[in-house]
Amino acid sequence: MASPTLLGSDDVGGSTRRERRVAGGTPVGVRVGLAAVLVAAAYLYGWGLDSVSLHPYYTAAVRSMAADWHAFFYGALDSGSSITVDKLPGALWLQALSVRVFGLHIWAVALPQALEGMATVWVLYRTVRTWAGPVAGLLASLVMLVTPIAAALDRRNISDTLLALLLVLAGGAALRASRSGQLRPLLACAVWVGLAFQAKMLQAWVLIPVFGAVYLYAAPGGLARRARNVLIAGTTALLVSCSWVLIVWATPAGSRPYLDGTTGNSPFALVFGYNGISRFGSGNGTAFGSVPGTAASRPTGGAGIGVLTSHATAPQISWFLPVAVLGLVLGLLACRGRERTDPLRAGYLLWGGWSLVNYLVFAASSGIHGYYTVILAPAFAALSGAAAAAAWQGFRQAEGLPHAKAQAARYPLLGLVMAGALWAVVLDGLHPTFHQWLAPFVGACGLVAAGALAKGKEWGGWVAVVAVVLSPAVWALSVLNPLYAGSSTSPLAGPVGVGYVAASHKKAAAPVTFAPPAGRYAHILGYLEAHQGSAHYLVATQSAEPAEPLLRGTDAPVLVMGGFTGNTPFPDADAVAALVASGQLRYGLLIANRPETPGSRWVEAHCKVVPPSAYQEVSGTATSIYDCAPTK
């Protein structure tokens with residue numbers, strides 16, 4: 001196990017000085033392979049972006065943010081900056097800038113995520129190449145490419161894509177800092193973590209203990225110096241992370257939008273309560289002054305100890321789980337007896353810790369969306385790529401050894417191939433009607449590869465790649481088919497999730513567009529625009545749900561009462577009354593499937609219902625327009 005050819009040679013673990021200095025140290029075959037991977041990523045993430053299914057809530061905010069710089073900075077849901085989205089706006093900034101540059105196109109909203117996905121593949125290659133060699137970097141980029149949930153997310157406009165990219169950049173900086181012991185790369189790691197916080201808040205902080213612990217353990221230099229550097233970097237990460245929060249906190253409430261998800265308009269409640277502690281326990285708490293979550297804002301289920309092996313989630317992220325775990329064990333065993341500062345072991349500790357802490361957080365939460373698990377993909381890819389490259393090197397070096405030693409040198413590669421192929425057959429078996437040929441074909445390839453490799457045949461390596469990579473690649477490619485692209489609010493690849501069920505029954509939601517809405521909301525928008533007059537607000541809506549189709553079709557300000565969940569106590573009844581009295585608001589739009597708010601109760605009590613026939617709708621619908629103009 002401790003043989004230098006077993007997951008631990010200097011050529012594989014820790015780059016040579018020449019490899020770190022220039023890309024010219026990378027073999028031609030690896031460079032060709034990387035080019036092929038990046039071209040495939042461009043196709044998988046970028047093809048048909050003009051018809052992808054975007055998140056309706058975030059897309060509405062993106063149009064508003066692209067129309068007004070004040071709304072842009074604060075992440076306002078409407079261009080009038082009445083209320084923010086219920087997240088930090090970091091990921092939406094890039095989408096809004098893209099729309100501002102390219103215009104109101106669906107592909108302009110999706111483009112930043114496609115580019116972020118490609119960048120993640122590229123950055124992961126460079127990070128793993130520096131740590132474990134060019135072949136390991138190539139294999140890691142391939143694994144990242146074919147991870148289904150990454151393909152599903154990189155074609156949408158949800159913030160986890162940017163989170164993954166920024167944390168891979170942070171991980172690479174942490175490894176550089178652990179090799180050199182210098183403060184500068186550790187500060188770079190801190191800045192990347194802080195920027196990741198702008199994308200997904202506290203989830204970015206999950207990895208801070210891992211980065212800090214690896215540096216403390218593996219970096220050269222005295223313990224006091226290492227501890228000082230970690231403290232400085234941690235403070236930097238905190239300041240960069242909380243920069244937007246502190247600016248908003250210092251801004252008078254009257255000069256900015258109300259912060260959705262909070263009872264007291266506090267940015268700390270938004271981040272640490274609504275999007276933090278309340279995600280654990282019952283998942284419906286009101287920690288730090290946050291409002292209770294609802295089914296729309298709080299996923300339920302999918303957590304617990306089996307979070308990575310469930311029927312829907314396992315085919316999204318877990319194809320390489322056995323290879324990654326086995327590779328981690330073999331890699332750490334191969335590093336036994338090495339110096340504390342060994343960079344190979346530091347990498348295994350970082351990627352292994354990355355996997356473990358995220359798994360524990362997911363398992364302990366009150367529920368997760370399946371796409372949250374995309375953050376595990378870079379770690380699984382790095383561990384799998386490094387393990388496979390080192391095991392392949394050990395396999396090739398077995399030639400010429402005595403029979404017993406040669407067989408022992410082949411065991412790591414055989415173990416990785418058999419674990420990956422067998423697990424692929426198991427996961428394929430969870431969905432036997434999806435490409436029925438996959439399980440038997442992958443199983444046959446696994447057997448052929450194992451037999452060939454056991455006899456020392458190098459061509460078995462190519463068959464092994466097919467056996468381990470083919471099934472997740474098929475699932476990843478499925479996102480190009482609208483039937484398997486998943487829902488707009490919870491994207492998943494393949495025949496799982498509510499999106500697939502709806503599409504298979506031809507009940508999929510209408511695609512999100514920037515055109516005037518179709519159906520009922522087209523009639524509502526037309527009526528409101530024709531009768532808005534001099535009022536500042538087009539309408540006041542009961543929660544974000546009825547506001548979304550209007551905001552995607554117009555730049556006019558919309559007063560969103562109750563925020564995303566409908567539970568946010570904004571605006572109060574007096575504020576609505578004052579807006580109506582001053583002529584800034586005339587109409588209210590109330591629905592039956594969201595909680596009542598103080599504002600909606602005032603509208604219902606003081607305004608009269610507009611006959612549905614006035615806007616070409618039938619009576620008895622769950623959506624009603626109220627006219628608050630004074631009776632003459």
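Start by selecting Thr-541 and Leu-589: Leu-589, in strand 3, is the bridge partner of Thr-541. Before you go on, note that this is a predicted model, where local features need pLDDT of at least 70 and side-chain atom pairs count only at pLDDT 80 or more, while totals for chains, interfaces and linings use all residues. Residues are numbered from 1 along each chain as its sequence is written, and side-chain values use heavy atoms, with hydrogens and water left out.

**Stop 1: strand 3 and its neighbours**

Now select residues 587-591, which make up strand 3. Strands here are DSSP runs (E, at least two residues), helices are runs of H or I with at least four, and both are numbered from the N terminus. Strands pair if DSSP finds at least two bridges between them. Add residues 539-542 and you have strand 1, which runs parallel to strand 3 and is joined to it by 2 bridges. Then add residues 623-627: this is strand 5, antiparallel to strand 3, with 5 bridges between them. Zoom in on Tyr-587 and you'll find it opposite Asp-627 of strand 5.

Is strand 3 enclosed or open? Since 5 of its 5 residues are buried, strand 3 is largely enclosed by the rest of the structure. Buried means under 20% relative accessible area, exposed means over 50%, and partly exposed is in between (1.4 Å probe, protein chains only). Flip the view to check both faces: Tyr-587, Leu-589 and Ile-591 are buried on one side, Gly-588 and Leu-590 on the other.

**Stop 2: the disulfide**

Next, pick Cys-607 and Cys-628, which form a disulfide with their sulfur atoms 2.0 Å apart. The cut-off is a pair of cysteine sulfur atoms within 2.5 Å, and a search of the whole structure turns up 1 such link. Look along the S-S bond: at 100 degrees, the link of Cys-607 and Cys-628 is right-handed. What does the pair tie together? Cys-607 sits in the loop between helix 26 (598-606) and strand 4 (608-609), and Cys-628 in the segment after strand 5, so the link joins parts 21 residues apart in sequence. Cys-607 is buried at 9% relative accessible area, and Cys-628 is buried too, at 7%.

For contrast, jump to Cys-242, which is in no disulfide; its nearest cysteine sulfur, on Cys-189, is 16 Å away. Cys-242 is buried, at 9%. Cys-335 is another one to click on: it is buried, with a relative accessible area of 0%.

**Stop 3: the rings**

Time to show the aromatics. The whole structure has 26 aromatic pairs. Rings of Phe, Tyr and Trp (its six-membered ring) pair if their centres lie within 6.5 Å; planes under 30 degrees apart are stacked, over 60 edge-to-face, and the rest tilted.

Select Tyr-371 and Tyr-372, an edge-to-face pair at 5.2 Å centre to centre and 85 degrees between the planes. Tyr-371 is buried at 7% and Tyr-372 is buried at 12%.

Move on to Tyr-484 and Tyr-500, which are stacked, 5.7 Å centre to centre with 15 degrees between the planes. This pair links distant parts of the chain, 16 residues apart: Tyr-484 is in the loop between helix 21 (460-477) and helix 22 (497-504), and Tyr-500 is in helix 22. Tyr-484 is buried at 17%, whereas Tyr-500 is partly exposed at 23%.

Go back to Tyr-372 and add Lys-200, which lies over the ring face at 4.3 Å from the ring centre. A charge counts as over a ring if NZ of Lys or CZ of Arg is within 6 Å of the ring centre and within 35 degrees of the ring normal.

Last selection: Trp-69, Phe-72, Phe-73, Tyr-74 and Trp-93, a cluster linked by ring pairs.
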